[in-house]
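Q: I would like to learn how to read the overall features of a protein model. May we go through one together, step by step?

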Amino acid sequence: MGRYFQPDIECMERSELEGHQLEKLKWQVKRVYENVQMYRERMDETGVKPEDIKTLEDISKLPFTTKQDLRDYYPFQLLAVPKRDIVRIQASSGTTGKQIVAGYTRGDLDQWSNGFARQLVAADGDEKSRVQVSYGYGLFTGGLGAHQGAEKVGAMVIPTSSGNTERQIRFMCDLGSTHLCCTPSYAMYLGETVKEMGVKNQLKLRAGIFGAEPWTEEMRKQIEEALGIRAHDVYGLTEIMGPGVSYECEMQQGMHICEDMFIAEIIDPDTGEVLPQGSFGELVISTITKEGQPLLRYRTRDLCTLDYSPCECGRTHVRMKKPAGRTDDMLIIRGVNVFPSQIEEVLLKNSIEVSPNYQIIVDRVNNTDTFDINVELSPKFNGDVEAEKHKLETQLRSMLGIGAKVHLLRPKSIVRSEGKAKRVIDNRNLH
Ligand code: ADP
Ligand code: ZN
């Protein structure tokens with residue numbers, strides 16, 4: 001059994017948890033019906049009234065919310081409280097299209113802090129921990145989200161933000177940081193730099209809390225090895241709440257969704273139909289306790305499965321599996337669906353020869369898609385480059401069902417990311 005930040009909530013009996021969810025759902029639906037014009041209009045169109053929500057299953061009667069809605073009603077029209085009650089604005093990192101913003105009340109920040117605090121404690125953090133926050137601070141939710149959660153636990157927070165990598169590592173050694181929070185791609189970069197500086201034995205790091213972008217199990221192993229830590233996966237999104245929407249316990253078998261705050265569903269991304277338990281599909285989240293900008297059935301576009309089986313850690317909240325990617329990360333190349341995470345998996349299987357630093361370049365020449373992958377050779381590589389290239393191309397073809405041209409580059413030639421990595425350059429729309 002591990003340690004919990006809020007054992008009464010994290011380990012609540014499921015029946016009690018569901019009772020709480022239903023009560024909060026009813027409360028939230030009534031609030032948004034009364035206070036948010038978009039929801040009132042949509043519910044009126046389909047003839048659903050707040051009183052029609054009698055069971056948790058009735059959630060499927062409610063309208064979906066999409067990222068486009070957040071753009072259309074930008075910046076404040078989805079608020080369910082007066083603007084004076086909003087104490088913080090965060091914005092999406094804009095990975096996909098125009099920015100959206102989210103307003104948080106004091107109560108919302110408190111809940112969000114609880115979410116991240118649960119994560120930190122599950123990663124063996126407490127008031128004696130020294131938490132280095134190397135997520136970017138600012139509109140992006142990573143920095144402030146981790147910061148306020150660690151403060152809530154009472155840890156010593158070291159708000160280095162991202163960048164200035166060597167100085168980060170000096171601080172890590174000098175201050176004895178025990179926990180590191182950043183994107184997994186930045187953690188990889190930090191690991192690489194620690195090695196170059198030859199200071200691994202000066203680190204006091206025990207655990208890392210990494211999220212904001214997809215990463216694979218192989219990458220987890222590499223980070224754990226490079227920094228000598230246990231790496232936890234944390235999930236969040238600006239629209240709902242930053243890191244801490246779901247968090248990984250010591251079992252490292254998926255992230256517990258804070259179900260006292262959220263109701264999660266999995267739908268078929270094409271038809272919108274709710275899928276049976278255990279199905280793979282798009283994660284949909286309803287915020288049942290959020291005050292400022294509550295969202296009903298928000299389509300996250302993240303693809304994953306939900307696992308309702310009991311977790312050995314004792315927490316009862318459902319676990320989401322690592323998102324495989326987003327519906328809008330998916331590239332369609334010559335008619336075939338390709339996820340960057342599949343490419344990463346192949347590269348990480350070959351981690352002796354190549355590094356997982358890669359870039360996908362898609363273009364269109366003479367009406368045909370071109371598909372190129374730049375990959376860095378590992379510094380230790382001393383084999384035959386042509387043979388290596390051929391091997392990777394063969395493995396990629398069998399993984400993806402489509403051929404890609406691999407270009408092996410010198411180590412360190414692909415620019416490192418301090419936040420979310422930019423893996424895809426799609427030039428097809430430029431023509
Ligand atoms: P943007 O949509 O501009 O990137 P956000 O910073 O709000 O803005 O990013 C949220 C998104 O980041 C999520 O919807 C998801 O796709 C991705 N994400 C966050 N945490 C994880 C994680 N642990 N694993 C995979 N993807 C994640
Ligand atoms: Zn668990």
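A: Let us begin with the radius of gyration in this predicted model. For a protein of 431 residues, a compact globule would have a radius of gyration near 22 Å; the value here is 22 Å, so the two agree. Along the principal axes, the C-alpha atoms fill a box of roughly 70 × 60 × 40 Å.

Q: How many helices and strands does the protein have?

A: There are 11 helices and 21 strands in the protein.

Q: What percentage of the residues count as buried?

A: A residue is called buried when its relative accessible area is under 20%. In this protein, 57% of the 431 residues meet that description. The exposed surface amounts to about 18500 Å², and carbon and sulfur atoms supply 50% of that area.

Q: What share of the contacts with a separation of 6 or more comes from residues 24 or more positions apart?

A: Such residues account for 68% of those contacts in the protein.

Q: How many positive and negative side chains are there?

A: The protein carries 55 positive and 62 negative side chains. The centres of the two sets lie 3 Å apart.

Q: How many disulfides are counted?

A: A disulfide is a covalent bond between the sulfur atoms of two cysteines. The count here is 0.

Q: Why is cysteine 173 too far from cysteine 182 for a bond?

A: A pair counts as a disulfide when the sulfur atoms are within 2.5 Å. The closest cysteine sulfur to that of cysteine 173 belongs to cysteine 182 and is 15 Å away, therefore too far for a bond. Cysteine 173 counts as buried because its relative accessibility is 13%. Cysteine 311 is buried as well, with a relative accessible area of 9%.

Key:
Residues numbered from 1 in each chain as written. Chains lettered and ligands numbered in written order. Predicted model: local features only at pLDDT ≥ 70, side-chain atom pairs only at ≥ 80, totals over all residues. Heavy atoms only, no water. Helix = DSSP H or I, 4+ residues; strand = E, 2+ residues; numbered from the N terminus. Rg over C-alpha atoms; globule rule 2.2 N^0.38 Å. Buried < 20%, exposed > 50% of the residue type's maximum accessible area, 1.4 Å probe, protein only. Contact = heavy atoms within 4.5 Å. Areas by Shrake-Rupley, 256 points an atom, 1.4 Å probe, with all protein chains shown as cover. Lys, Arg positive; Asp, Glu negative; His and termini not counted. Charge placed at Lys NZ, Arg CZ, Asp CG, Glu CD.
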